[in-house]
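Please open the model in your viewer and keep the sequence beside it, so that each selection can be found in both. The tour goes from one selection to the next and says what is there.

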Amino acid sequence: MIIKSQKGRGRKIHLLLDDEYRITTDVDFWLENYIPDGTEIDEEEWEELQLKINYRKAFNKCADLLSRRSHSIRELREKLLRTVDEQSAELVIEKYIELGYLNDEDFALNYSEHLFKNKNYSPYQVKQELIKKGINSEIINNILEDNETNTPESIIKIINKLYLNKLRAEGGKDKVIAALMRRGFGYSDIKEAFYRIENE
């Protein structure tokens with residue numbers, strides 16, 4: 001098989017085998033792994049080159065995703081698999097875990113803190129969100145056990161933000177209580193929140 005390279009748009013380099021397009025990489029990769037046009041390569045050499053290209057693509061994609069915000073391992077894997085092969089995704093995930101840039105425990109702690117403090121989520125809602133992100137039950141249970149959020153205070157914030165008009169309507173209190181319970185708040189915390197609102 002004869003390999004050739006063609007300059008693509010921007011920093012892209014297209015690789016061809018026997019004049020047939022096969023894969024795209026970037027200028028930086030090709031400078032590091034350059035093979036002169038017209039070089040004959042065998043199947044094994046081509047497979048090795050493809051693995052390197054795909055790994056580089058996965059590594060860069062992972063860096064881009066993590067530069068935007070932190071991710072859980074499962075969440076990152078799902079996003080990587082939209083554009084890269086499974087083998088490259090797994091190798092890159094292992095590398096980022098090893099480098100300390102990917103850690104489910106740290107992610108879950110920061111994400112749950114955001115949900116408790118900024119979204120005023122109930123412990124039940126936080127648990128459901130962490131499950132969606134693929135966090136294991138042991139980490140979730142530890143976070144919920146260590147949570148020091150004042151739940152009635154969170155409920156008061158939600159009432160003030162979303163339910164004040166409903167409270168003024170006939171039968172509004174019962175409807176608000178039902179809405180809060182659907183959010184996963186316990187009745188005793190809801191009762192405490194209403195007590196504070198009525199007495200403060």
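An angle between two axes of 65 to 115 degrees counts as roughly perpendicular, while angles under 35 degrees count as roughly parallel, those over 145 as roughly antiparallel, and the rest as oblique. Please keep in mind throughout that this is a predicted model.

**First stop: helix 8 with helix 10**

Select helix 8 together with helix 10, residues 187-199, and look at how they pack, with their axes 9 Å apart and at an angle of about 70 degrees. Helix 8 and helix 10 are therefore roughly perpendicular to each other, and the crossing in which helix 8 passes helix 10 is right-handed. To see where they touch, show the side chains of helix 8 that take part, among them Thr151, Glu153, Ile156 and Ile159, and then those of helix 10, including Asp189, Ala193, Phe194 and Ile197. Sorted by class, this contact of helix 8 with helix 10 has nine nonpolar, one polar and four charged residues.

**Second stop: helix 8 with helix 9**

Keep helix 8 (residues 151-168) selected and add helix 9 (residues 172-182), whose axis comes within 10 Å of that of helix 8 and crosses it at roughly 140 degrees. Since an angle like this falls in none of the named ranges, helix 8 and helix 9 are therefore oblique to each other. Here too the crossing is described by its hand, and helix 8 passes helix 9 in a right-handed one. Which residues of helix 8 meet helix 9? They are Ile155, Ile158, Ile159, Tyr163, Lys166 and Leu167, and their partners in helix 9 are Gly172, Lys173, Val176, Ala179 and Leu180. By class, the contact of helix 8 with helix 9 has eight nonpolar, one polar and two charged residues.

**Third stop: His71**

Now move to the loop between helix 2 (43-68) and helix 3 (73-80), and select His71 there. Is His71 buried or exposed? His71 counts as buried because its relative accessibility is 3%, and the cut-off for buried is under 20%. A polar atom of the His71 side chain lies 2.9 Å from the backbone oxygen of Arg69, and a polar contact of 3.1 Å joins the side chains of His71 and Lys79. Beyond its neighbours within four places in sequence, His71 is in contact with residues including Leu65, Leu66, Leu102 and Phe107.

**Last stop: Ser137**

Finally, select Ser137 in helix 7, residues 137-146. Ser137 is exposed, with a relative accessible area of 52%. Add Lys127, which is 10 residues from Ser137 in sequence and 8.9 Å from it in space, C-alpha to C-alpha.

Note on methods. Residues numbered from 1 in each chain as written. Predicted model: local features only at pLDDT ≥ 70, side-chain atom pairs only at ≥ 80, totals over all residues. Heavy atoms only, no water. Axes fitted to C-alpha atoms, helices over the stretch in contact; angles between N-to-C directions. Helix = DSSP H or I, 4+ residues; strand = E, 2+ residues; numbered from the N terminus. Left-handed = near helix turned anticlockwise from the far one by under 90°. Contact = heavy atoms within 4.5 Å. Nonpolar A, V, L, I, M, F, W, Y, C, P; charged D, E, K, R; others polar. Buried < 20%, exposed > 50% of the residue type's maximum accessible area, 1.4 Å probe, protein only. Polar contact = N/O pair within 3.5 Å; in protein donor to acceptor, adjacent residues only side chain to side chain.
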